[in-house]
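Work through the exercises below with the sequence and the model side by side. Each task is followed by a solution that goes step by step.

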Amino acid sequence: MNARALHMGGDAATEAVALNTSGLYAGIALAGALGGGAVNTSGGIGVLVAACVAGLPTGGPVFELLGGVLLAALGRMGADGWAVRLRLSRRLSARTPSMEAHRLAFCDRTGAAIATVMQRRFDMPVQPDPYGLRPRLAVDLLAAAFRRALERWVADSSESGHEGLADALRDACAAVPESLTLPARPR
């Protein structure tokens, strides 16, 4: 798909591939995991359904809720070759700075939108966090964990499917709490 976009894009080949890649990430990463499109079209019902599917219908820590939703979305990915396309797309993006920058900017905007919708739709404490810093950090931490999981999964020579990506995501999410308290001492 990217090779075709590069071939047909002419002078705008990089932008064509970036647009294609951003759409792919939107569907696979955070927007797809939280039902970003469902939020815009059904007023948050998609997020509630995804949360129930993830096994957290009564709430819980936001990071765990988001991680469960993302894992549920990965579990529903079919075996239609998306894993191969995602690997190729990530490898191309890693070699193309403009694509990577566009992807990161898109991810940042999507994360901000997700945090805003979560604050409107879920009962979250507002008093200590009037600017939404905590929900946004939870989304950003999941996005960072997902990027590290993708990085590991793309580099995996076994070319595993969604199960391998889900395992890498579980490992990355499990490392987040310890990473926040990781001690550093001068040598």
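A disulfide is taken here as a pair of cysteine sulfur atoms within 2.5 Å. This is a predicted model, in which local features need pLDDT of at least 70 and side-chain atom pairs count only at pLDDT 80 or more, while totals for chains, interfaces and linings use all residues. Residues are numbered from 1 along each chain as its sequence is written, and side-chain values use heavy atoms, with hydrogens and water left out.

**Exercise 1.** Determine how many disulfides the rule gives, and state whether Cys107 is buried or exposed.

Solution. Applying the rule first, one arrives at zero disulfides. Turning next to accessibility, where buried means under 20% relative accessible area, exposed over 50% and partly exposed in between (1.4 Å probe, protein chains only), Cys107 counts as buried because its relative accessibility is 17%. Cys173, at 15%, counts as buried too. For the protein of 187 residues, the buried share is 40%.

**Exercise 2.** Describe the secondary structure by counting the helices and strands.

Solution. With helices (H or I, at least four residues) and strands (E, at least two) read as DSSP runs numbered from the N terminus, the protein has 10 helices and zero strands.

**Exercise 3.** Find where pLDDT stays under 50.

Solution. Begin with pLDDT itself, the predictor's confidence in each residue, from 0 to 100; its mean is 74 in the protein, and 67% of the residues reach 70 or more. The values stay under 50 over residues 37–49 and also over residues 52–57. Where pLDDT is low, the predicted coordinates should not be read in detail.

How values were computed:
Contact means heavy atoms within 4.5 Å.
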